[in-house]
Every structure is written in C-alpha cells, then in structure tokens.
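Me: I would like to go through this structure with you and ask, term by term, what justifies each label. Please set the values against the cut-offs as we go.

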Amino acid sequence: MRTPPFILHHWRMVFISGLVVLAGLVLWSAKEVAVSIDTLRSNELDNVGWNASQLEVQLVKLQHLLAEAKAGNPQRLLLQRRWDNFLSRIDPLDAAITADLKARQPEFAPTFEEVKAGIAEMDAYVRVRNGNLVQSADVLEGPSTALAVPIRRLAVMGDQYYGQLIERRRGALVDKIQMLAFALGGLLLLLCANQMVILAQRRRLHAMAGDLQRALTAADQANAAKTSFLARMSHELRTPLNAIIGFAEVMQTELFGPIGHPRYKDYATGIHASGQNLLGLVDSVLDVSRIESGSVPVTRELVALDELARSCITAMQHHTRNGAVEIANVVPEDLPRVRVDPEHLRKILLQLLENAVKFGPNGCHVELGARRGDAGKLEIWVKDDGPGIPAADLDIVLVPFNQVRNHLVFHNEGLGLGLPIAKSLTELNGGEFELTSQPGRGTEARLRFDAAA
C-alpha cells in the first residue's frame with residue numbers, strides 16, 4: 001500500500017495537527033470520565049442499591065393494596081399488576097450480584113436468599129389459591145411485613161457497596177488517564193489493522209451471501225419436494241381408501257345378502273365412517289399441497305348465495321351431533337350474485353361451518369349470513385357463540401397443520417387445515433378473509449367479494 005504524496009510532503013504539519021487533536025481528545029476524555037463517575041449511580045452497572053430500593057417500593061405498594069383488599073375494597077387488576085412488578089424485581093437484583101459484591105458485603109447474598117425464600121413462600125400461598133390475590137390477602141400480610149426488614153438491609157448494603165465502588169473508580173482514574181496516553185500511540189496501528197479487518201470481513205460477507213443464497217435455493221427445493229410428496233402420497237392413499245369405503249358400503253347395505261351376526265354390520269358402519277373421515281383428511285392435505293404449488297384451477301361463475309347457503313347447511317346437518325348444534329341461515333334471497341369458483345366457495349363455507357360445529361359445545365349456535373357491504377362488496381360470514389380463540393393464536397390457526405389446544409372445545413380432531421384452506425381459496429378468488437374471535441364469546445370468519453354487476 002503506497003503512502004499518499006500529501007503525507008510525505010507535509011508530514012510535520014500532519015504530525016502537529018494530529019498531536020493537537022489527540023491532546024484535545026485526552027483532555028476531553030478525562031473530563032468525560034470524571035463526569036461519568038459522578039453519574040454512575042443512575043446509569044451504570046445495574047446499581048444493586050437502586051434495585052433493592054425498587055423492590056422495597058414495590059413491596060410497600062403491594063402491602064397497601066393487600067390492606068385495601070383485606071378491608072373489603074379489592075382492586076384486582078391493580079393488585080395483580082403490583083404483584084407482577086414485585087416479582088419482576090428479583091431477577092435484575094439477582095443479576096447485579098457480583099463476586100466483588102459478595103466479597104465486600106458478605107451478608108448481602110444470604111440476606112438476598114432469605115428474601116427470595118420469603119417471596120417464594122408468598123408465591124406458593126398465591127398458587128394454592130389458584131392465583132387469586134384477593135383471597136390470599138390475609139395470608140400474605142404476615143410474610144410481606146417480615147420481608148420489609150431484610151429488603152431494607154439489602155438496600156443499605158447495596159448503597160454502601162456502590163459508594164465504595166465509586167471511590168475505587170476515582171482512585172483508578174489517574175491510572176486510566178496514563179494508560180490512555182500510552183494507548184493513543186497504538187491507536188493509529190489499530191486503525192490500520194481495523195481497515196484490514198474490514199476488508200477481510202467484506203470478503204467474508206460476500207462469501208456468506210453466496211452461501212445464504214445457495215441455502216435459500218435448497219430450502220425452496222426442499223419445500224417444493226415436500227409439496228410434491230404430499231400430493232403424491234395423497235393420490236396414493238385415495239385409491240385404497242375409496243376401496244375400503246366402497247366395500248364397507250357393500251357390507252353395510254348387505255348387497256349380496258346377510259352378513260351374519262349384527263355386530264358385523266356395526267363394524268362395517270364404523271369402518272365406513274372412519275374411512276370417510278380419513279378420506280376427508282387426505283383431501284385436505286391434497287388441497288394444501290395444490291395451493292402451495294399454485295396448481296389450483298379457478299373457474300369463476302355467477303353464484304347465487306342463497307341457494308349455495310341452503311345446500312351447505314343441508315350437507316352439514318348430519319354433523320350437528322343429532323341437533324346438539326343449531327345452524328341458522330340468514331342469507332337474504334335478494335342479494336346480487338357473486339363471481340367466484342362455485343366449488344371453491346362451497347368448500348370454503350363447508351370448512352367454516354364444519355369448524356364451527358366441530359369445536360362448538362352442545363347448545364352452540366352457528367350462523368351463516370351475507371349482506372351488501374361497502375364499495376360494491378358482498379360480505380359473507382360464519383359465526384358461532386362457542387369457546388372462541390385467544391387473540392394471540394389467531395395467526396397460528398391460519399397456518400397449515402396448526403391447532404390451538406383449548407380445554408373448552410368439544411373436541412379437536414383433525415390436522416388444522418380447515419381455516420388455512422378457507423383463507424387461501426378466498427384469496428385465490430380475489431376475496432378478503434378476516435378472522436375475529438373473543439374467548440368465551442365465539443368466533444367469526446368474514447369473507448368479502450366483489451358483487452357482480
């Protein structure tokens with residue numbers, strides 16, 4: 001690497017200018033170090049005294065709310081928030097304990113363990129009462145009062161240690177400034193080395209970018225292979241399944257004569273039902289693989305929603321557990337037609353109705369409706385008053401092969417493909433899919449399509 005001619009011809013001026021800049025840097029750094037020491041308490045090293053004081057503050061606030069709850073004026077949400085804040089102060093305080101702190105304040109760690117044991121005891125009381133802090137107010141009063149003294153000792157010892165730390169840092173300030181002066185000489189060498197490292201890292205990043213591109217290509221190929229495998233396996237499974245279902249129907253209807261014992265007929269009925277269920281799962285997997293591979297044909301036609309709604313509800317009647325789930329049709333007859341693939345729309349509505357019925361308890365009410373929306377849109381909805389889905393899980397249920405495990409649902413058989421298929425087919429037909437839900441109040445899936453002129 002050649003030295004620039006300007007530096008060779010004006011080296012003295014460059015040296016003096018650099019010396020002045022470095023001297024100013026030393027003075028400025030020394031001033032900044034002194035200022036940083038004075039402000040160390042508030043913004044450096046996770047002050048153990050401050051953390052202990054915060055723990056004490058949260059304890060006092062918690063005691064106040066516990067006293068109000070005991071007096072008959074419970075503030076449940078605020079009490080729960082104070083309890084969570086109180087528990088959250090333990091980890092920062094634990095992280096601030098260093099070997100130096102243990103050596104200079106030997107009583108700090110045992111006192112902290114005493115505090116943690118007391119908090120664990122309080123938490124155990126709350127857990128026994130299923131997390132009900134209001135019901136635990138009487139029991140928590142004693143342990144919370146007992147914790148006030150050790151927590152105060154933690155705050156005092158933390159402040160003492162922090163003061164000692166500041167003094168030691170002031171004593172080391174002179175040494176650091178002297179070391180800084182010597183380090184400045186090596187700064188220029190470090191800058192040169194840093195430039196070399198930057199060049200090496202640039203070459204490494206280029207190599208990594210190539211590796212990542214190759215990995216992305218391999219991942220795409222693997223995903224395509226997975227989709228192809230699912231499609232191929234689904235086709236292979238359909239043939240024996242159709243044979244099983246067909247033979248079960250022959251035995252069930254006794255086409256060639258009586259089959260003997262009546263229980264054989266019951267077994268044939270079970271085989272037929274299981275085969276139909278498995279065939280439905282295979283068809284769902286096949287639908288997903290076709291959607292992912294982009295091989296789903298779309299043939300749009302003008303569809304009358306009222307006729308399609310009646311057909312879908314009729315098809316779902318044998319899934320309502322002998323009328324335990326009620327399905328209402330509130331689709332008006334005077335709605336304009338919608339231009340979509342009729343088979344796709346039928347499958348969407350059947351998937352949504354099946355989900356609502358399958359996951360709804362006995363007595364659940366399911367509604368299929370439609371209306372004219374804004375901006376020439378036609379809105380279709382399927383809603384129920386079942387157990388609902390938590391807001392955090394709404395995105396999860398729209399991903400294939402994912403289900404939310406909810407103890408409130410009637411049962412949750414299946415592969416978790418109904419909602420993803422309904423969403424994908426809606427978007428393939430130029431529609432919008434929206435899923436909303438509230439736990440305990442039900443779920444609503446809403447579709448929006450352009451109404452035909």
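Reply: Let us begin with burial, for which the cut-offs are these: a residue is buried under 20% relative accessible area, exposed over 50%, and partly exposed in between. Please keep in mind throughout that the model is predicted.

Me: Why is Cys-312 called buried?

Reply: Cys-312 has a relative accessible area of 0%, and the limit for buried is under 20%, so Cys-312 counts as buried. The reasoning is repeated for Cys-364, which counts as buried because its relative accessibility is 3%. As for bonds between cysteines, the structure holds zero disulfides.

Me: What makes Asp-306 a buried residue, and which residues is Asp-306 in contact with, leaving aside its neighbours within four places in sequence?

Reply: The relative accessibility of Asp-306 is 13%, and because buried means under 20%, Asp-306 falls in that class. Asp-306 is found in helix H11, residues 305-316, and, once neighbours within four places in sequence are left aside, Asp-306 is in contact with Val-331, Pro-332 and Glu-333.

Me: Why does Phe-247 count as exposed?

Reply: Phe-247 has 57% relative accessibility, and exposed means over 50%, so Phe-247 meets that condition. Phe-247 lies in helix H9 and belongs to a nonpolar patch on the surface together with Ile-244, Met-251, Tyr-264, Tyr-267 and Ile-271, the patch having about 620 Å² of accessible area. Helix H9 (137-253) and helix H10 (262-293) are the elements that give two or more residues to this patch.

Me: How do you know that Trp-83 and Phe-86 form an aromatic pair, and what makes the pair tilted?

Reply: The ring centres of Trp-83 and Phe-86 are 6.2 Å apart, whereas pairing asks for centres within 6.5 Å, so the two rings qualify as a pair. Their planes make an angle of 40°, and because stacked needs under 30 degrees and edge-to-face over 60, the pair is classed as tilted. A search of the whole structure finds one aromatic pair; Trp-83 and Phe-86 both lie in helix H5 (residues 76-88), three residues apart, about one turn of the helix, and both are buried.

Me: What makes the contact of Glu-113 with Lys-116 a salt bridge?

Reply: The closest N and O atoms of Glu-113 and Lys-116 are 3.5 Å apart, and the limit is within 4 Å, so the pair counts as a salt bridge. Both residues lie in helix H8 (residues 108-128), three residues apart. Glu-113 counts as partly exposed because its relative accessibility is 44%, and Lys-116 is likewise partly exposed, at 26%.

Me: Why can the salt bridge of Glu-379 and Arg-446 be said to tie together parts that are 67 residues apart in sequence?

Reply: The side chains of Glu-379 and Arg-446 meet at 2.8 Å, N to O. Glu-379 lies in strand E5 (residues 377-384) and Arg-446 in strand E7 (residues 442-450), so the pair ties together parts that are 67 residues apart in sequence. Glu-379 is buried at 8% relative accessibility, and Arg-446, with 17%, is buried too.

Me: Which other residues belong to the network that contains Glu-379 and Arg-446?

Reply: Glu-379 also forms a salt bridge with Arg-448, at 3.2 Å, N to O. Through shared partners, salt bridges join Arg-371, Glu-379, Glu-434, Glu-444, Arg-446 and Arg-448 into one network.

Notes:
Residues numbered from 1 in each chain as written. Predicted model: local features only at pLDDT ≥ 70, side-chain atom pairs only at ≥ 80, totals over all residues. Heavy atoms only, no water. Phe/Tyr/Trp six-rings, centres within 6.5 Å; stacked < 30°, edge-to-face > 60°. Helix = DSSP H or I, 4+ residues; strand = E, 2+ residues; numbered from the N terminus. Buried < 20%, exposed > 50% of the residue type's maximum accessible area, 1.4 Å probe, protein only. Contact = heavy atoms within 4.5 Å. Patch = residues over 30% accessible without salt bridge, like charges linked within 9 Å, V, L, I, M, F, W, Y side chains within 5 Å. Areas by Shrake-Rupley, 256 points an atom, 1.4 Å probe, with all protein chains shown as cover. Disulfide = S-S within 2.5 Å.
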